[in-house]
Amino acid sequence: MLEQRYRWKTKHLREHVAVMDGNLAPTILLKNARYLNQSFRKWMTANIWIYDDRIIYVGNSLPQNMKGCEVVDCTNLTLVPGYIEPHTHPFRLYNPLSLAAYASQFGTTTMINDNLLLFLQLDKKKAFTFLRDMRQIPSTMYWWSRFDSETEIKDEEVIFSHSHVKSWLEHDAVLQGGELTGWPKLLDGDDMMLHWIQEAKRMRKKIEGHFPGASEKTLAKMVLLGADSDHEAINGEEVYDRLMQGYTVSLRYSSIRPDLPKLLDEIHELGINVYDKFMLTTDGSSADFYEQGIIDNMIKIAIDKGVPVIDAYNMATINVARHYNIDYLHGNIATGRIANINFLTDENNPTPVSVLAKGQWVKRNGVINREGYKISSADEFDLLPLQLDWELSMEDLQFSMPVGIAMENAVITKPYSLSIDVSGENLNNSKDECFFMFVDRNGQWRINTVVKGFAENLSGLASSFTHTGDIILIGKNKRDMIKAFERMKEIGGGIVIAENGEIAKEISLPLRGLMSRKPVEELLTEQKDFVAYMQKKGYRYADPFQTLLFFSATHLPYIRITPVGMYEVKKKMVLFPTIMR
């Protein structure tokens, strides 16, 4: 990847200087631009020269050479840097390309992305080819390197081998290690994870924590072991504790944790009025949550909650860039930076009317342009439809486990003792209990139990959208569960609901059974319709997709259903193992 070692090649740098000398013309000139200058922390007016994807000059002068230059009069507009989302999970039914295209229209032009799906689902060569191709789009896509699977899987030490993790850390598109969902293992003495943290530090890369409910003492320990930031604070006191230990704190506003308004109220009550250590994140929300915007929506909330306007923008731009040591490229409108610029009607409305991403118009006077959001065929990366060459039978749907899982909220489950008869084809003797089956995508193992609190009259659901890519079946009628599974197989993966022997709802996910090909605008409409249907069936929370995703995720308490069996998180033990089919 030598061609990617430098952001600009030598010939490009010479061209940039030639623009200053008048030997080449800028590609775009932004005249009379009122813009946010982070060096002076104030609004200033200047002319901004852009050549291809780089800001060449910011100041009072005009170019000597204007041949072929596009001139934009920015009078009556306010310019701010492109927004940066520092904590993206770009595989939540949408895919990284569709999310980047959608986010750009709201001014989020840079995203720092979770690599877990790429790590678990693709071989390294295919994953790195995908990262390479994503460099060609107008948005800027950076990545994390995970240190654990966030669940219990067989042969994890082989999948997360030292050489595999280290090759990700060494990749120049990777900015950090983490998030540290496996931090209890680290505290318990996992020296391999500590070595990876040390390697990241040696490379001057950051470590992001994942420390929900952590005590002050635990937070301090994690800083000593290398953590730099965390996004799990859910109240003002937790924000304060993290700041006291030296963390950069990401304030969250997501589909399952829409905490930002509350967090801002409480940190203001605590007298916190310095915002330089804050970033903003939507934490991989469902598509329907993004209907009103992404980081732009969070800036608006911050302004409405009394955060000074410049600080509100800084939390979405320069603060993030400085944290990740990329402020020489991102987060400010200044000479030498990548030309990611949002054009606003005024500073109190952070949703842009026009957007430049890498010097390309991805939105112009409200008109969206997605021409740049094209990469190689998904087939090149092995992002193929799910192909299951095995069948489910009624014999597979035998339930005898004495323990079920009860939903405390959309993502947290606790164990409970079963007291109902689960031997029949239907489960009609309980209002909110459903059969629950987790089965290997290769058809080798399964585990059957009952889930309480997921739905009240859901007949049969099958989903390939899970944390591990294995298959979940839920419902009150075993035959409809099998019907939903068969339809899910036909469409190459997705989420399917069957009622009375007929398909009632489906979301097709042809990219390995985990992601849609559709634009986010179409997907969010589909998701909203699906959520409404689920709520009619007794689902009581806001986001069933996160629920399906996190049933097997062991970074959450208390009981999880994983590829090794029913797993008790706190005791780190398998209560009931999966059985071979």
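The following exchange takes terms used for this predicted model and sets values against their cut-offs.

Reader: What are the ground rules for this predicted model?
Author: In this predicted model, local features need pLDDT of at least 70 and side-chain atom pairs count only at pLDDT 80 or more, while totals for chains, interfaces and linings use all residues. Residues are numbered from 1 along each chain as its sequence is written, and side-chain values use heavy atoms, with hydrogens and water left out.

Reader: Why is Cys 69 not bonded to Cys 74?
Author: A disulfide is a pair of cysteine sulfur atoms within 2.5 Å. The sulfur of Cys 74 is the closest cysteine sulfur to that of Cys 69, yet it is 12 Å away, so it is too far for a bond. The structure holds zero disulfides.

Reader: Why is Cys 69 called buried?
Author: Buried means under 20% relative accessible area, exposed over 50%, and partly exposed in between (1.4 Å probe, protein chains only). Cys 69 has 13%, so it is buried. Cys 434 has 0% and counts as buried too.

Reader: What makes Leu 524 buried?
Author: Its relative accessible area is 5%, so Leu 524 is buried. Leu 524 is found in helix 16, residues 520-536. Helices here are DSSP runs (H or I, at least four residues), numbered from the N terminus.

Reader: Which residues is Leu 524 in contact with, leaving aside its neighbours within four places in sequence?
Author: Tyr 102, Ala 287, Asp 288 and Glu 291. Contact means heavy atoms within 4.5 Å.

Reader: Where do domain 1 and domain 2 run?
Author: Domain 1 covers 82-327 and domain 2 covers 394-580. The bounds come from an automatic or database domain assignment. Their C-alpha centres lie 28 Å apart. The contact takes 32 residues from domain 1 and 39 residues from domain 2.

Reader: How much area do domain 1 and domain 2 bury between them?
Author: About 3000 Å², with 61% of it on carbon and sulfur atoms. Buried area is the accessible area (1.4 Å probe) that two parts lose on being put together, summed over both. In domain 1, Leu 93, Gln 121 and Glu 152 lose the most area to domain 2, together 26% of what that side buries.

Reader: What makes Asp 188 and Lys 572 a salt bridge?
Author: The rule asks for a side-chain nitrogen of Lys or Arg within 4 Å of a carboxyl oxygen of Asp or Glu. For the side chains of Asp 188 and Lys 572, N to O is 3.4 Å, and they meet in a salt bridge. The count between domain 1 and domain 2 is two salt bridges.

Methods:
Helix = DSSP H or I, 4+ residues; strand = E, 2+ residues; numbered from the N terminus.
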